[in-house]
Amino acid sequence: MKKYWIIGIGLLLGGMLEAAPSPVTLKVEPVQAMLAAGADQQTQVRILISAPSRQAADEKERPRVNLAIALDRSGSMAGMRKLENAKLAAKNALNMLSDRDRFALIVYDDAAKVLVPSTPVTEENRRRIAEKIDAIVPGSCTALFAGVSLAAAELGKLRMESGWVNRLLLLSDGLANVGPSSPFELGRLGGGLARERISVSTVGVGGDYNEDLMTALAQNSDGNFYFVENSRDLSLIFEKELGSALAVAAQGVTVRIVCPERVKLRGIPGHEYRVDGRTAELKFNQIYAGHDKVLILQLEVPPQPVAESVEIVEVSLEYPAAAGSAVRLARRAQVGFSANPEAVANSVNREVSADVVLQRSAALREDAVRAADAGDFTGAGVKLEEARRELIDNARITGSREVADAAVKMADESRKMQEVPAAPAQYKRLRKELKGRAYQERNSQSFRQ
């Protein structure tokens with residue numbers, strides 16, 4: 001298991017590269033303002049991307065939503081009122097849209113079918129769509145890949161128009177058993193959709209869906225992932241998901257990270273990025289208003305003499321704005337080096353430290369899943385207990401309510417893992433819980449379970 005020193009850097013803020021006002025803010029903040037002089041070390045830096053909450057009066061100013069729902073109507077959806085609750089959730093999502101938006105509905109079982117082509121959400125269309133939703137009946141198998149592809153084609157009808165938030169919402173309660181069905185194939189599909197500015201958010205219902213497939217699709221398209229044990233919660237999930245689409249503050253966001261010579265970027269947990277020399281680049285389809293997106297940089301810093309400040313990273317953010325212009329922000333971070341261990345220890349930024357330990361807990365959840373998948377349930381329990389202790393210790397130091405709540409959830413997961421050897425069937429559901437929470441933490445998902 002890798003060990004990361006929780007040490008950090010000071011902050012120097014650069015200005016916006018263009019004078020145009022931006023609804024998005026960028027911060028680059030340290031775990032600590034001081035590092036130990038004369039030693040190789042690893043440190044974490046938090047990138048925080050935020051946008052203010054959108055007020056109700058701003059309805060006309062928000063981007064228009066181009067929504068497509070791919071709804072599983074396989075035979076397994078007939079049980080426990082899952083299909084009925086999914087239909088209710090789809091109608092509730094429809095009612096959250098205005099006549100500025102568009103809606104499409106694809107249903108899939110052994111084949112995929114466009115039930116509602118991409119349509120403006122007028123009052124007349126709303127009634128017709130609701131009637132079609134009410135008429136959906138269960139079928140047989142699960143052609144998930146075809147359902148996603150067909151929904152993406154409906155969204156793609158507006159590909160040449162700007163100003164739309166393209167969101168595909170996929171719901172399934174079972175394993176994909178018709179057409180491509182591996183996490184790799186669905187992840188590759190998600191990556192292709194991301195390049196078309198389409199985000200896929202996935203909802204797994206019950207205990208039989210493939211969480212690896214669903215998270216791969218969401219991850220590669222910059223979407224969200226939800227795990228729903230009781231289908232009665234589907235309306236809440238759809239409401240949260242569509243609420244995020246209605247609150248998009250920026251789209252097509254590019255983040256660039258430049259390290260000076262000898263400082264090395266060792267990772268950005270939970271995110272893939274492209275590297276060109278000393279520059280790393282990653283992209284996001286959207287930034288939500290009223291929500292923080294958190295990235296944790298893991299940097300390797302070479303030995304340095306005692307110094308007040310040394311620049312170790314520059315971060316810039318860019319996204320297209322109105323009339324073909326672009327908004328650009330840049331921030332630089334500096335670190336001090338000290339031979340005084342007390343000064344180093346006292347330079348902790350509590351808020352950033354809390355985010356670092358939350359990301360660390362996500363990594364330990366993923367480690368626990370890998371151990372349990374290999375049959376090592378004892379080792380998996382050790383990972384979860386390690387995460388629980390780290391969360392408790394951090395909550396005591398930082399006073400973070402979010403970290404304290406995460407420790408409570410981790411304690412419950414640890415207890416469940418300890419019970420798995422006596423009840424192996426329990427691991428199927430626990431695995432979904434662990435994968436879901438790790439995904440949501442890694443990706444700064446606004447609604448976490």
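Trainee: How many cavities of 30 Å³ or more does a search of the whole structure find?

Mentor: Just 1 turns up at that cut-off. Keep in mind that we're looking at a predicted model.

Trainee: What makes the largest one count as a cavity?

Mentor: A cavity is a set of points where a 1.4 Å probe fits but cannot get out. Here the volume comes to about 130 Å³, and the search counts cavities of 30 Å³ or more.

Trainee: Which residues are closest to its centre?

Mentor: Those are Asn-224, Gln-286, Tyr-288, Lys-293 and Asn-443, out of 13 lining residues. Two elements, β14 (279-288) and β15 (292-301), each give two or more residues to the lining, and β14 gives the most, with 3.

Trainee: What is the lining like by class?

Mentor: There are 7 polar, 3 nonpolar and 3 charged residues.

Trainee: Now the sheet. Why are β7 and β10 said to stand at the edges?

Mentor: The order is β7-β6-β5-β8-β9-β10, an open sheet of 6 strands with mixed pairing. β7 (112-120) and β10 (225-228) each have a single partner strand, so one side of each has no neighbour in the sheet. From one strand to the next, the twist averages 15°.

Trainee: How do you know that β9 and β10 pair?

Mentor: Pairing needs at least two bridges. β9 (residues 198-205) and β10 have 4, in the parallel sense. One of the bridge partners in β10 is Phe-225, matched with Thr-202.

Trainee: What packs on the sheet?

Mentor: Helix α1 (residues 82-96) does, touching β5 (64-72), β6 (102-108), β8 (164-172) and β9. The helix direction makes about 170° with that of β5.

Key. Residues are numbered from 1 along each chain as its sequence is written. This is a predicted model: local features need pLDDT of at least 70, side-chain atom pairs count only at pLDDT 80 or more; totals for chains, interfaces and linings use all residues. Side-chain values use heavy atoms; hydrogens and water are left out. On a 1 Å grid over the protein atoms alone, a cavity is a set of points where a 1.4 Å probe fits but cannot get out, and a pocket is an open set with protein on both sides within 12 Å along at least five of seven lines; lining residues have an atom within 4 Å of a point. Grid points are joined across faces, edges and corners, and a volume is the space filled by probe spheres set on the points. Ala, Val, Leu, Ile, Met, Phe, Trp, Tyr, Cys and Pro count as nonpolar, Asp, Glu, Lys and Arg as charged, and the others, Gly among them, as polar. Axes are lines fitted to C-alpha atoms, for helices over the stretch in contact, and angles run from 0 to 180 degrees between N-to-C directions. Contact means heavy atoms within 4.5 Å.
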